[in-house]
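Grab a pencil and work through these exercises with the model open beside you. Each task comes with a solution that goes step by step.

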Amino acid sequence: MPADSPTRPHTPPRLTAQTVRWVHALGLGPLYVRRSVVQQAQTAAPPPAPGVATDPAVAAPAPAPAPATPRRAAPSAAEGADARAAFIARLQWDEFDAAAQACRACKLGSTRQQAVVGCGSTRAQWMIVGEAPGAEEDRQGQPFVGAAGQLLDAMLHAIGLDRAAQDPQHAVFIANVLKCRPPGNRNPAPDEVAQCLPFLQRQIALLQPRLILALGRFAAQSLLGSNAPISQLRGQVHHYAGIPVVVSYHPAYLLRNPVDKARVWRDLCFARNTVESFPETG
Ligand code: URA
């Protein structure tokens, strides 16, 4: 399926003042809407600061977290990969942070400042998956807090989502493929992805989101087990463990290639339509 020929039409979500404000922030538009909506958008309060962990169960630690101990001890390297995977597959939300901070399964465990588990609501219907923490995320212990994070917040606001929201429909849970920062912001190495993926898989299993939005090549390829480029993966509904997955460009790519913002807007609308077209369960 060509990138710009999705299986469903891209219908923008209902235009609220907030949507108008963020679509303009994305550099898109003009949008032709009622004057009152534009006026509301101009006078509305600014969005919440990015990087706010909102769910007490997963709220990432303050910059210098006290080392915590998972309730169950992680298997040692000598006990093997299967034991480690089984341990991670049983983690509960409140054990995640300690388990990730204790992880030394790959070399990133010794170069990071801290593991960045994720943020948002554990009741969110949307899960956003990025690549790996950068320098600022490593410092703050929160995903997507740098410039790419601000753009991500703009993208989410444009479709009525907010990392600070608590109600499942507007909330998101944001996580990365890698929980630890690759030094110098290099690409994740295959062994690092292999060691870290069980954490993301467990987060997905616990969250059971209605949709996963995979941002960038590493998120999309890791979840879908594909080598296809983003351009081929966009515009289709894929599935991970029965959960719909929509693929788009990573916000950091978008910062370097703003010309692709219109494509991302289409992807976001596609994702929103996909959520609305799948029946809500549970
Ligand atoms: N890029 C990512 O993929 N994740 C982050 O948390 C920050 C930047």
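**Exercise 1. Look at the two faces of β3 and work out which residues cover each side: are they buried or exposed?**

Solution. Start with one side of β3, where you'll find Val172, Ile174 and Asn176. Now flip to the other side, which holds Phe173 and Ala175. All of these residues are buried, so both faces are covered. Put together, five of the five residues in strand β3 (172–176) are buried, so the strand is largely enclosed by the rest of the structure. Keep in mind that this is a predicted model.

**Exercise 2. Find the strands that pair with β3 and say whether each runs parallel or antiparallel.**

Solution. Strands of a sheet pair through backbone hydrogen bonds, in either a parallel or an antiparallel way.

- Step one: β1 (residues 119–120) pairs with β3 in the antiparallel sense, over two bridges. Here Cys119 sits opposite Ile174.
- Step two: β2 (residues 126–130) runs parallel to β3, and five bridges join them. Met127 has Phe173 as its bridge partner in β3, while Gly130 stands opposite Asn176.

**Exercise 3. Put the strands of the sheet in order, then explain why β1 and β5 each have one side without a neighbour in the sheet.**

Solution. Begin with the order: the open sheet of six strands reads β1-β3-β2-β4-β6-β5, and its pairing is mixed. Then check the edges. β1 and β5 (238–240) stand there with a single partner strand each, so one side of each has no neighbour in the sheet.

Next, follow the β4 end of that order. β4 and β6 run parallel and are joined by four bridges, with Leu215 opposite Ser248 in β6. β5 and β6 run antiparallel, joined by three bridges, and Tyr240 stands opposite Ile243. Finally, look at the turn: β5 and β6 make a hairpin with two residues between them, and Ala241 in that turn has a positive phi of about 50°.

**Exercise 4. Which residues have the most contacts inside the largest nonpolar core?**

Solution. The largest nonpolar core has 63 residues, and the ones with the most contacts inside it are Met127, Val129, Val172 and Ala214. The largest share of this core comes from α6, which gives seven residues. Now zoom in on Met127. Skip its neighbours within four places in sequence, and Met127 is in contact with Phe173, Ala175, Ile204, Leu207, Pro209 and Ile212.

**Exercise 5. Which residues surround the ligand, and how do they divide by class?**

Solution. First, collect the shell: Gly130, Glu131, Ala132, Pro133, Gly134, Glu137, Pro143, Phe144, Ala148, Gly149, Asn176 and Ala252. Second, sort it by class, and you get six nonpolar, four polar and two charged residues. Two names should ring a bell from the strand pairing: Gly130 and Asn176, which stand opposite each other.

**Exercise 6. What should helix α11 span at 1.5 Å a residue, and what packs against its buried residues?**

Solution. Take the length first. α11 (residues 261–277) has 17 residues and should span 24 Å at 1.5 Å a residue; its end C-alpha atoms are 24 Å apart, which agrees. Then pick out the buried residues, among them Val264, Trp265, Leu268 and Phe270. The buried residues of α11 pack against α6 (147–158), β4 (211–215), β6 (243–248) and α10 (251–256).

**Exercise 7. How many residues of α8 are buried, and what covers them?**

Solution. Six of the eight residues of α8 (217–224) are buried, leaving the helix mostly covered. They are Arg217, Phe218, Ala219, Ala220, Ser222 and Leu223. Their cover includes β2, α7 (190–207), β4, α9 (230–233), β5 and β6. Just after the helix, Gly225 takes a positive phi of about 60°.

**Exercise 8. Is Ala89 buried or exposed?**

Solution. Locate Ala89 in the loop between α3 (81–88) and α4 (93–102). Count next: Ala89 has 12 C-beta neighbours inside 10 Å, so it counts as exposed. Then look for partners. Leaving out residues up to four places away in sequence, Ala89 touches Pro198 and Arg202. Its C-alpha is also 7.7 Å from that of Phe199, although 110 residues separate Ala89 and Phe199 in sequence.

How values were computed:
Residues are numbered from 1 along each chain as its sequence is written. This is a predicted model: local features need pLDDT of at least 70, side-chain atom pairs count only at pLDDT 80 or more; totals for chains, interfaces and linings use all residues. A residue is buried if 20 or more other C-beta atoms lie within 10 Å of its own, exposed if 12 or fewer, and partly exposed in between; C-beta atoms are placed from the backbone. Two strands pair if DSSP finds at least two bridges between them. A residue is near a molecule or strand if its C-beta atom, placed from the backbone, lies within 6 Å of it. Ala, Val, Leu, Ile, Met, Phe, Trp, Tyr, Cys and Pro count as nonpolar, Asp, Glu, Lys and Arg as charged, and the others, Gly among them, as polar. The expected span of a helix is 1.5 Å times one less than its number of residues. Two residues are in contact if their C-beta atoms, placed from the backbone, lie within 7 Å. A nonpolar core is a set of buried Ala, Val, Leu, Ile, Met, Phe, Trp, Tyr and Cys residues joined through C-beta atoms within 7 Å.
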